[in-house]
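Trainee: I should like to examine one part of this model closely. Please choose a single stretch and explain, step by step, how it fits into its surroundings.

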Amino acid sequence: QKTAYEIYQCDWSSDVCSSDLPNLRQAALAALALVLGLALYLGLERGVTPRVDLSSSLDARIPFLPWTWAVYIAYFPFVVLAAAYADEARFRRFAWQAGAAFALAMLCFMLWPEILTRPPVAEIDNAFLRQRIARLWWLDAPANGFPSLHVALTCLACGLPAARVLRRAAVPVALLIVASTLTLKQHTLADVAGGLALAGLMVAAAVWRRGARRAVRSAGAAA
């Protein structure tokens with residue numbers, strides 16, 4: 001049970017949530033950032049020539065599952081909803097982490113534009129999925145592959161919800177989204193590993209930043 005001080009301070013870390021209302025401002029900012037980031041991402045993709053092949057024999061063993069298209073695109077509402085249920089501190093942290101991850105990934109995309117062979121769209125039996133995937137692959141060429149921003153930002157978004165129960169619920173959803181990047185042949189295992197490493201780097205940066213701030217505060221108090 002919360003104390004009056006915890007309720008006043010909106011500290012939601014110890015239970016489900018002190019309010020069921022999402023933060024629509026944060027959701028809108030996350031949606032806008034996704035749209036702007038996607039525009040930059042697609043613009044760069046059309047300005048590079050793919051030349052690096054990171055696929056392996058293990059990638060060839062992963063089945064192509066067209067129905068996971070729905071899981072793959074769930075990434076976008078997943079990030080927006082996670083932002084909506086974040087407290088202000090978590091949202092600010094995610095904002096700079098996502099921005100830094102995006103900048104590093106764009107640099108990698110310019111240095112190592114990727115070649116990725118995808119299955120023929122004509123092999124997809126379901127007409128609806130065939131149209132959706134054909135449009136996705138036309139829009140999103142495989143050049144911007146390593147590291148996977150889809151994976152990195154999905155992992156970082158898991159830490160957004162203020163309520164612990166929501167963060168735990170986000171993990172299996174995130175795992176499915178990450179897996180869908182492979183089963184939809186959007187990324188290779190190397191891309192996914194790179195995305196996980198990029199997310200880990202951002203988490204490590206946040207830990208270092210928090211420690212540095214505490215050290216500065218402690219030094220100031222001692223002085």
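Mentor: Let us start at Pro147, which is placed in the loop that runs from helix 7 (127-139) to helix 8. The model is a predicted one, and its mean pLDDT over the chain is 90, with 89% of the residues at 70 or more. Residues 1-19 are another matter: their pLDDT is below 50, although this stretch has 21 contacts in the model beyond near neighbours in sequence. Where pLDDT is low, the predicted coordinates should not be read in detail.

The loop has a notable peptide bond. Phe146 and Pro147 are joined in the cis form, with omega at about -5°. Most peptide bonds are trans. Another backbone feature occurs in the loop between helix 9 and helix 10, where Lys185 is found. The phi of Lys185 is near 60°, a positive value in a residue that is not glycine. Lys185 has a relative accessible area of 14%, and because this is under the 20% limit it counts as buried.

From the loop we move into helix 8, which covers residues 149-157. What does Leu149 touch, leaving aside neighbours within four places in sequence? Its contacts are Tyr41, Tyr75, Ala101, Phe102, Ala105, Phe109, Thr154 and Leu198. One of these partners, Phe102, belongs to helix 6. Under the same exclusion of near neighbours, Phe102 itself is in contact with Gly37, Leu40, Tyr41 and Leu149. Phe102 and Tyr41 are 61 residues apart along the chain, yet their C-alpha atoms are separated by 9.1 Å.

These contacts lead to the interior. The largest nonpolar core has 34 residues, and within it Leu149 and Phe78 touch the most other members. At least two residues of this core come from each of helix 2, helix 5, helix 6 (88-111), helix 8, helix 9 (164-183) and helix 10 (189-222). Helix 6 provides the largest share, eight residues. A separate core, of eight residues, lies apart from it and includes Trp69, Tyr72, Ile124 and Leu184. In soluble globular proteins, nonpolar side chains tend to be buried together.

Helix 6 also has a residue that is not buried. Ala100 is part of this helix, and because its relative accessibility is 28%, between the limits of 20% and 50%, Ala100 counts as partly exposed. Ala100 and Met202 lie 102 residues apart in sequence, with 7.8 Å between their C-alpha atoms.

Two further contributors to the core, helix 2 (residues 24-45) and helix 5 (residues 75-84), pack against each other: their axes come within 7 Å and cross at roughly 145°. The crossing is right-handed. On the side of helix 2, the residues in contact are Gln26, Ala27, Ala30, Ala31 and Leu34, and they meet Tyr75, Phe76, Val79, Val80, Ala83 and Ala84 of helix 5. Of the residues in this contact, 10 are nonpolar, one is polar and none is charged.

Finally, let us place this part in the whole chain. The chain holds 10 helices and two strands, and 40% of its 223 residues are buried. Among contacts with a separation of 6 or more, 88% link residues 24 or more positions apart. The pairing of Phe102 with Tyr41, which are 61 residues apart along the chain, has such a separation.

Definitions and conventions. Residues numbered from 1 in each chain as written. Predicted model: local features only at pLDDT ≥ 70, side-chain atom pairs only at ≥ 80, totals over all residues. Heavy atoms only, no water. Axes fitted to C-alpha atoms, helices over the stretch in contact; angles between N-to-C directions. Helix = DSSP H or I, 4+ residues; strand = E, 2+ residues; numbered from the N terminus. Left-handed = near helix turned anticlockwise from the far one by under 90°. Contact = heavy atoms within 4.5 Å. Nonpolar A, V, L, I, M, F, W, Y, C, P; charged D, E, K, R; others polar. Core = buried A, V, L, I, M, F, W, Y, C linked by side-chain atoms within 4.5 Å. Buried < 20%, exposed > 50% of the residue type's maximum accessible area, 1.4 Å probe, protein only. pLDDT = per-residue confidence, 0-100.
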